[in-house]
Amino acid sequence: MKPDTIEVRQLRMRLCHPFETSFGVTEERRVVLVTVREGSLAGWGEVTAAEGPFFSHESYETAWHVLCDFIVPWSLGRDFASPSDFPPVVARIRGHRMARAGLENALWDLAARQRNLPLWQMLGGRRREVECGVSIGIQPSPEVLLEKIAEAVESGYRRVKIKVRPGWDAEILERVRREWPGLPLMADANSAYTLGDTPLLRSLDAFGLMMLEQPLDWEDIIDHATLQQEIETPICLDESIRSADDARKASQIGACRIINIKLGRVGGHTAARAVHDCSMERGIPVWCGGMLETGIGRAHNVALSSLENFCLPGDVSASRRYWSEDIVEPEIEVTPEGTILQSEAAGIGYRVREDLIEKLTERLRTFTP
Ligand code: OSB
Ligand code: MG
């Protein structure tokens with residue numbers, strides 16, 4: 001596989017509803033896409049960096065810089081026998097994993113299309129039906145939150161995650177539990193607490209949560225290990241796990257019992273597979289996280305979720321939860337049973353709507369060898 005053109009573009013897309021976490025509100029997205037073309041085929045990858053450096057150090061602007069000035073120039077003119085030959089080419093770059101994942105995942109899509117295979121099969125996945133959950137942001141009032149949860153439950157989603165932060169936590173979870181005592185429920189703090197909050201976090205044990213996601217610092221595993229000894233609710237790490245090595249260390253010291261794998265955060269399908277394998281060897285279940293992706297990133301998440309150890313419902317949900325019009329066809333749809341069925345079509349399995357993408361494009365750079 002030797003791409004004859006690589007494109008980096010930035011789209012502007014408005015979310016159907018604002019999404020609020022402990023670190024801020026997103027209403028409009030700037031999405032960087034990477035396209036690798038060879039002959040008549042194209043592979044697509046999405047950079048999941050957000051509008052500002054609040055989830056991690058990356059933003060769409062840092063990703064643009066690192067892609068256009070380093071990653072793409074270093075990759076141009078190369079003949080990749082497999083997409084997993086890509087990570088060594090950019091190994092000298094420290095961090096910027098979301099930027100790297102944009103190009104690597106585009107190579108996976110192209111490779112699968114060239115072999116006329118669905119990407120999930122090329123990745124060695126076995127799950128034809130992916131279990132879906134929803135992530136519900138912080139809402140203007142508890143009543144609005146309860147309405148949103150009711151909608152998700154009625155649509156068939158198999159678990160509900162709510163975002164928490166100091167002041168929107170125990171009382172809110174209590175109200176949710178009063179309405180839905182048996183609902184598979186979890187909370188994601190996006191690093192809004194410290195070890196000083198241990199008594200409060202321990203009080204959440206009363207709500208029988210499936211897990212508490214990333215309560216402490218975004219780069220920490222040590223304090224999470226201490227906290228895990230103090231609470232019964234399993235801790236799931238998101239921000240802190242950037243590689244298989246991180247997963248090994250976190251498991252070794254007991255910092256978590258579950259891991260959320262995000263393609264961007266770990267740097268693409270090769271690294272995601274490595275985190276998956278390491279977790280499986282150590283008996284740690286994983287699930288696929290989301291970053292408010294368009295259909296392209298969403299389709300990559302669905303394919304990744306086909307791997308064996310993705311045994312918990314992920315933040316893999318329907319396009320219509322985020323977009324009035326998605327850039328893939330068909331849109332990502334969830335069955336009434338709360339699952340997404342793997343596509344049998346080649347590559348990411350969805351047609352990319354290049355006409356619509358062109359209309360949404362704010363910036364484009366085209367590279368040829
Ligand atoms: O921590 O999982 C997170 C969205 C943006 C940034 C971080 C996170 C999230 C979500 C949304 O929870 C998941 C989704 O895309 O549905
Ligand atoms: Mg999270």
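Helices here are DSSP runs of H or I at least four residues long, and strands are runs of E of at least two, both numbered from the N terminus. By that reading, P199 sits in helix 7 (residues 198-203). Please keep in mind that this is a predicted model.

## A look at P199

Is P199 buried or exposed? With a relative accessible area of 55%, P199 is exposed, because that value is over 50%. Its C-alpha lies 8.9 Å from that of E230, a residue 31 positions away in sequence.

## Two domains and their interface

The domain assignment divides the protein chain into domain 1 (5-118 + 350-362) and domain 2 (121-341). Domain 1 is thus written as two segments, and the C-alpha centres of the two domains are 22 Å apart.

How do the domains meet? In domain 1, 44 residues are in contact with 49 residues of domain 2. Together the domains bury about 4000 Å² between them, and 66% of this area is on carbon and sulfur atoms. Polar groups take part as well: there are 20 residue pairs in polar contact between domain 1 and domain 2. On the domain 1 side, at least two residues each come from strand 1 (5-21), strand 2 (24-38), strand 3 (41-47), helix 3 (97-114), strand 14 (351-352) and helix 13 (354-360). Three salt bridges are found across this interface.

## Nonpolar cores

In soluble globular proteins, nonpolar side chains tend to be buried together. Here the largest nonpolar core holds 86 residues, and the members that touch the most others are I149, V160, I162 and I259. Helix 12 (residues 295-304) gives the largest share of this core, five residues. Where does the core lie with respect to the domains? It lies between them, because domain 1 and domain 2 both contribute residues to it.

V160 shows what such packing looks like from one side chain's surroundings. Beyond its neighbours within four places in sequence, V160 contacts V134, I136, I149, A152, V153, L183, P184, L185 and M186. Apart from the core of 86 residues lies another one, of 31 residues, with V34, V47, V72 and V89 among them.

## Helix 12, an enclosed element

Why can helix 12 be called largely enclosed by the rest of the structure? The reason is that 10 of its 10 residues are buried. Nonpolar residues such as I296, A299, V302, A303 and L304 are included, but so are R298, H300 and N301. The two glycines G295 and G297 complete the set of buried residues.

## Salt bridges

The rule finds 30 salt bridges. One of them joins E20 to R165, with the closest N and O atoms 3.0 Å apart. Another brings together the side chains of E7 and R9 (2.7 Å, N to O). Both ends of this second pair count as buried, E7 because its relative accessibility is 9% and R9 because its value is 7%. The E20 and R165 pair links distant parts of the chain, for E20 is in strand 1 while R165 is in the loop between strand 6 (159-163) and helix 6 (170-179), 145 residues apart. E20 counts as partly exposed at 24% relative accessibility, and R165 counts as partly exposed at 28%.

A further salt bridge connects the side chains of E354 and R37 (3.1 Å, N to O). E354 belongs to helix 13 and R37 to strand 2, so this pair also links distant parts of the chain, 317 residues apart. E354 is partly exposed at 34% relative accessibility, whereas R37 is buried at 18%. Elsewhere, salt bridges with shared partners join R12, R14, E27, E28, R30 and E362 into one network.

## L360 in helix 13

Helix 13 also contains L360. At a relative accessible area of 21%, L360 is partly exposed, because buried would require a value under 20%. Which residues does L360 touch, not counting those up to four places away in sequence? They are Q10, L11, R12, M13 and I327.

L360 can also be placed relative to helix 12. G295, one of the buried residues of helix 12, is 65 residues from L360 in sequence and 14 Å from it in space, C-alpha to C-alpha.

How values were computed
Residues numbered from 1 in each chain as written. Chains lettered and ligands numbered in written order. Predicted model: local features only at pLDDT ≥ 70, side-chain atom pairs only at ≥ 80, totals over all residues. Heavy atoms only, no water. Core = buried A, V, L, I, M, F, W, Y, C linked by side-chain atoms within 4.5 Å. Buried < 20%, exposed > 50% of the residue type's maximum accessible area, 1.4 Å probe, protein only. Domains from an automatic or database assignment. Contact = heavy atoms within 4.5 Å. Buried area = accessible area lost by both parts, 1.4 Å probe. Salt bridge = Lys/Arg side-chain N within 4 Å of Asp/Glu carboxyl O. Polar contact = N/O pair within 3.5 Å; in protein donor to acceptor, adjacent residues only side chain to side chain.
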